Amino acid sequence: MGTVTLGVSIAVPEPYGSFLQRKRESFGDPAAPGIPTHITLLPPTEVRAEALPAIERHLAEVAAGCRPFPLRLEGTGTFRPLSPVVYVKVTDGVPGCTALQARIRAASGPCARELQFPYHPHVTIAHGITEEAMDRAQNGLRDFTATWTIDGFALYEQGADEVWRLEREYPFGPQTAAVPRQAADLSRPPAPSC
């Protein structure tokens, strides 16, 4: 069946997502058009295609055990000189993102993998471009802020054209097909926070 390259992330909602993607393109990052604006939970990972059903079940179980949490982006940072990346900082929601990615990558699950660097939630706005363009990105978005509530995450697959495409979304909390999400039973205790 072959292999596929997957990633799991939290999408940055509109209008922030499109704004940051256009900015990333304007700084000269050639990968920008193919990468939706996001916070990574599972970096690009090559898996056997037949593992997809187990991965999807695992992600659904992780999402079912979580509840929404607030997130704030504010200002910029960089991983230079260790890695040629400029990013928008996650200032609120770091513990939630960190716990969520750990549950997704759990050693006992189908997404288990080691990371090249310690996990640090962020939104990349420049990667592998000239130092001058990286400086422009870091300075140009230093006053950027955005706030929203994270209520789920998504699975993406990278195509042969190197474009990342949404495969499936995983909303937080128990899922019941017969009950619309907004009409969920509020008498139940809340799901644990990730």
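**Note on the fold, helix 3 and the nonpolar core**

1. The protein chain holds 4 helices and 8 strands. The model is a predicted one. Read from the N terminus, the elements follow the order β-α-β-α-β-β-α-β-α-β-β-β.

2. On contacts: taking those in the protein chain with a separation of 6 or more, 74% link residues 24 or more positions apart.

3. On exposure: 41% of the 194 residues of the protein chain count as buried. The accessible surface of the chain is about 10,500 Å², and carbon and sulfur atoms make up 54% of that area.

4. Helix 3 spans residues 94–104, and its buried residues are Gly96, Cys97, Leu100, Gln101 and Ile104. These residues lie on the same side of helix 3, because the arc they cover around the axis is only 125 degrees.

5. What do the buried residues of helix 3 pack against? Their partners are one helix, helix 2 (52–64), together with strand 1 (3–11), strand 2 (38–48), strand 3 (69–78), strand 6 (145–150) and strand 7 (152–158).

6. The largest nonpolar core has 43 residues, and the members that touch the most others are Ile39, Leu73, Leu100, Ile104 and Phe153. Helix 2 gives the most to this core, contributing 5 residues. In soluble globular proteins, nonpolar side chains tend to be buried together.

7. Two residues link points 4 and 6: Leu100 and Ile104 are among the buried residues of helix 3, and both belong to the group in the largest nonpolar core that touches the most other members.

Definitions and conventions:
Residues are numbered from 1 along each chain as its sequence is written. This is a predicted model: local features need pLDDT of at least 70, side-chain atom pairs count only at pLDDT 80 or more; totals for chains, interfaces and linings use all residues. Side-chain values use heavy atoms; hydrogens and water are left out. Buried means under 20% relative accessible area, exposed over 50%, partly exposed in between (1.4 Å probe, protein chains only). The arc is that of the directions from the helix axis to the C-beta atoms. Contact means heavy atoms within 4.5 Å. A nonpolar core is a set of buried Ala, Val, Leu, Ile, Met, Phe, Trp, Tyr and Cys residues joined through side-chain atoms within 4.5 Å. Accessible areas come from the Shrake-Rupley method with a 1.4 Å probe; for residues, only the protein chains shown count as cover.
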